[in-house]
Every structure is written in C-alpha cells, then in structure tokens.
Amino acid sequence: MIVPLATEARDTGAGYFDALGPLHALLDDDSVSEIMVVGPDLVYVERGGRLVETGVRFRDENELLSAIEVIVGAVGRRIDAAHPICDARLLDGSRIAASIPPVALNGPLLTIRKFSKDPLQIADLVRFGTLDENSATLLRAAVLARCNIIVSGGTGTGKTTLLNVLSGYIPADERIVTIEDAAELQLHQRHVCSLEARPAGDEAGIPIRELVHHSLRMRPDRIVVGECRGGEALDMLQAMNTGHDGSLTTIHANNPRDCISRLETLVLMAGMELPLRAIRQQVSGALDLIVQLSRLRDGSRRITSITEVLGMESETITLQEIVRFEQRGVDAEGRVVGQFTPTGVRPELLRRLETMGLSA
C-alpha cells in the first residue's frame, strides 16, 4: 500500500524533487529525453535516440512506489490498487505513464517523457538530419497556404516535435486552438487557446472528441490536435471539410497508406455507421499532406516521405509522393546514410501556393 503524501511534498518544489529520489538527477540531465523505470532495480534512459541502461537504483519497491505517488499526487491525481494506472504531467510539463500492481505484474513501472525547456526549431531538425532545407521550405509554404496536414509515425518518432515546429509557422495574427491529451505543444504566437483533455477518474472525463466539438464554437482560424486516436478523427475531418483549413494533427501509422487506413478505422470508432466510400470521401476531401516520420535503426528520426492526398479514384484514395528519404547504407559509426530526393512529380500543392502568392 502506498503511504499518503505529506503536504509539503506536494506543495514545495524542493520537497517534490527530493521525494523523487534517484530520478531527480536524471530529470536534471539535459541529455536524457526519456526515463523508463522497470521496477526498483532497473532504469533505462534514452540519449541521442538510443536506450541505455543506467546504474540508478531505488532502495526497494516502496521507495519507487512513493516516488510514483509523489509525481501523481503533485498534479492532483491518484494511483492505488483501485486505480493502478495513471497518465499525467509533471510540474515542469514532462509526460508520465505509471502503472503499479495488480496490473504491473513484476513491480511498478514508470515512464517519463521529458519536457523540452527550449523547443526545437526547424534549423535544429535540419541539423539533426530529420529533413533537409528544401523539405523545410516546402512544409513552411504548405502551412502558410493553409494546407491540412497530418504528421504520421510510430511511437517515439518525433511527431509532437514536428507538429510543434509546423505550428510555429502559423501567422501571428491568426487564432489558434490547440487540443491535447497532455499539453506538450509550445507555441509562441500570442493568440493561442490551449485545451487539455481530462481522463475519466474521480471526476467526469472530458475526451478529445468533446474538446474538438467545443473548439468549433471558439471561432478558430486553425485547429491543432495533438493526436487523433479515436472518434475525434471524424470531427477533425469534418472541420477540415467545412472551412477550418490549415488544421494540423498527428496519427500513429507506419507509412502514408497505413495512415489513410488508420484514419478510416478511427472514423468508424466514432459510432457513425458510414459506408466506407463516404469515409474515404471525407478523408480525401479533408487532407492535403501526409508527413511520414520514421525512427531508423541507428535511433535517428527522419521524415521518410512527404505525400499529397489528391482525391478519390473509383473506390481508392489517390496519393502522390513528393519527397522521399532514400537510405544508402550506414557509415563506419553505424549511422544511417541517405538523402532526401524529390520524386520528380509536380505537386498539386504548387497551384495553391501560386494563387496565394507563395512559393516553395
């Protein structure tokens, strides 16, 4: 059983961080992007895209349980045998996922995705090799041209980071509404309305879908949804199709075609008995661009494809790849070598840019 928190551990920064025990040093380490605790005797971190086992240990399971309780309690949440899992944010904005027995069979589990104090800019992503200058210019023009863009990728590929960078291109005179499960976006525009979902617990939950509905009554110029993972995909597509162009979101998918299939599945989760053709018409009419992110075997994160959604052809959504990352092998240090290559087709996007006086 977890001992209830002392008030001062919740209310004072020093007490809070002291209560985290051996995790405090890892949270202070700027080279660590993620912390993964697998019971009291095993702690991994991610550094430079690679998982590394640390020598960090907790004295026993009770110390780890107490640290988890401190983290959860500091944001007004609870975790115990009746509520053995919790997703929340730390005081500094880092995102955590905790689970304890009985659902965690071999001891408490804790994952902390650290919050970046200085969010990455497009120049950083170019320097890291996530994309090249030409792709960066194309994406900037697409945002300015109010294209509806979905960032697709697996877990840990950098979808939120790229979404934050793309959102930074939205003009400062537009009203932006952001909707997230756990607030991570760090937009610098002045007119930003940030909404965060509330999971079901002691109080009634407020899901992403309800917030998407709510945002449509807020006169947004742009809607940015941190991730589509349920029935809110239908509401997002309908918003894109009814004048809320320039919207941005992310989705879990391994390639652009999988992204389309995943969207179709999420729309079905909305509970509307729509025929598949009607769903595909919604998708093809709403989306302009799919930006595919992948995490390569050397741990690097790359945009592997920028793909246009052209429309419907018979029963199929037509896609056209504009840019792809072509792997050429690995260097002596095991890093993936490759280059971003235009496919040679003239993007339909260019027409839209030209009518708005923009260039890519």
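**Exercise 1. Is Asp80 buried, partly exposed or exposed?**

Solution. This is a predicted model. Start with the position: Asp80 sits in the loop between helix H4 (61-74) and S4. Next, take its relative accessible area, which is 23%. Buried means under 20%, and exposed means over 50%. Asp80 has 23%, so it is partly exposed.

Now look at the side chain of Asp80. One of its polar atoms lies 3.0 Å from the backbone nitrogen of Ala82. The backbone nitrogen of His83 lies 2.8 Å from a polar atom of the same side chain, that of Asp80. Finally, check along the chain. Pro101 is 21 residues from Asp80, and their C-alpha atoms are separated by 8.4 Å.

**Exercise 2. Work out which strands pair with S6, and which residues face each other.**

Solution. Take strand S1 (residues 34-38) to begin. S1 and S6 are antiparallel, with five bridges. Across this pairing, Val37 stands opposite Leu110 of S6.

Turn to strand S5 (residues 95-99). S5 and S6 also pair in the antiparallel sense, over five bridges. Here Ala97 has Thr111 of S6 as its bridge partner.

Continue to S4. Five bridges join S4 to S5, and the two run antiparallel. Asp87 has Ala97 in S5 as its bridge partner. S4 and S5 form a hairpin with five residues between them. In that turn, Gly93 has a positive phi of about 100°.

**Exercise 3. Sort the residues of S6, S4 and S9 by face.**

Solution. Recall the rule for a regular strand: side chains alternate between the two faces of the sheet. Then read each strand in turn.

- Strand S6 (residues 109-113): Leu110 and Ile112 form the covered face; Leu109, Thr111 and Arg113 form the uncovered one.
- Strand S4 (residues 85-89): Cys86 and Ala88 are on the covered face; Ile85, Asp87 and Arg89 are on the uncovered one.
- Strand S9 (192-196): the covered face holds Cys193 and Leu195; the uncovered face holds Val192, Ser194 and Glu196.

**Exercise 4. Trace the sheet of nine strands from edge to edge.**

Solution. Write the order down: S9-S8-S10-S11-S7-S12-S13-S14-S15. The sheet is open, and its pairing is mixed. The edge strands are S9 and S15, since each pairs on one side only. From one strand to the next, the twist averages 25°.

Check the S9 end. Strand S8 (residues 176-180) and S9 run parallel, joined by five bridges. Ile179 has Leu195 of S9 as its bridge partner.

Check the S15 end. S14 and S15 run antiparallel, with seven bridges between them. Glu326 stands opposite Gln339 in S15.

**Exercise 5. How many aromatic pairs does a search of the whole structure find?**

Solution. The search finds one. Its members are Phe325 and Phe340. The ring centres are 5.0 Å apart, with 55° between the planes. Planes under 30 degrees apart count as stacked and those over 60 as edge-to-face, with the rest tilted. The Phe325-Phe340 pair is tilted.

Place the two rings. Phe325 belongs to strand S14 (residues 316-330) and Phe340 to strand S15 (residues 336-342). The two residues are 15 apart, and the pair links distant parts of the chain. Both Phe325 and Phe340 are buried.

**Exercise 6. Test the lengths of helices H10 and H6, then describe their buried residues.**

Solution. Begin with H10 (residues 256-268), which has 13 residues. At 1.5 Å a residue, H10 should span 18 Å. Its end C-alpha atoms are 19 Å apart, which agrees. The buried residues of H10 are Pro256, Cys259, Ile260, Leu263, Glu264, Leu266 and Val267. Seen down the axis of H10, they fall within an arc of 165°, so they line one face of the helix. At the N-terminal end, Asn255 caps H10: a side-chain oxygen of Asn255 lies 3.1 Å from the backbone nitrogen of Arg257.

Repeat for H6 (residues 133-144), with 12 residues. The expected span is 16 Å, and the end C-alpha atoms are 17 Å apart, which agrees. Buried in H6 are Ser135, Ala136, Leu138, Leu139, Ala141, Ala142 and Val143. After H6 comes Arg146, with a positive phi near 60°.

Definitions and conventions: Residues numbered from 1 in each chain as written. Predicted model: local features only at pLDDT ≥ 70, side-chain atom pairs only at ≥ 80, totals over all residues. Heavy atoms only, no water. Helix = DSSP H or I, 4+ residues; strand = E, 2+ residues; numbered from the N terminus. Expected span 1.5 Å × (residues − 1). Buried < 20%, exposed > 50% of the residue type's maximum accessible area, 1.4 Å probe, protein only. Arc of directions from axis to C-beta. Polar contact = N/O pair within 3.5 Å; in protein donor to acceptor, adjacent residues only side chain to side chain. Phe/Tyr/Trp six-rings, centres within 6.5 Å; stacked < 30°, edge-to-face > 60°. Pairing = 2+ DSSP bridges. Axes fitted to C-alpha atoms, helices over the stretch in contact; angles between N-to-C directions.
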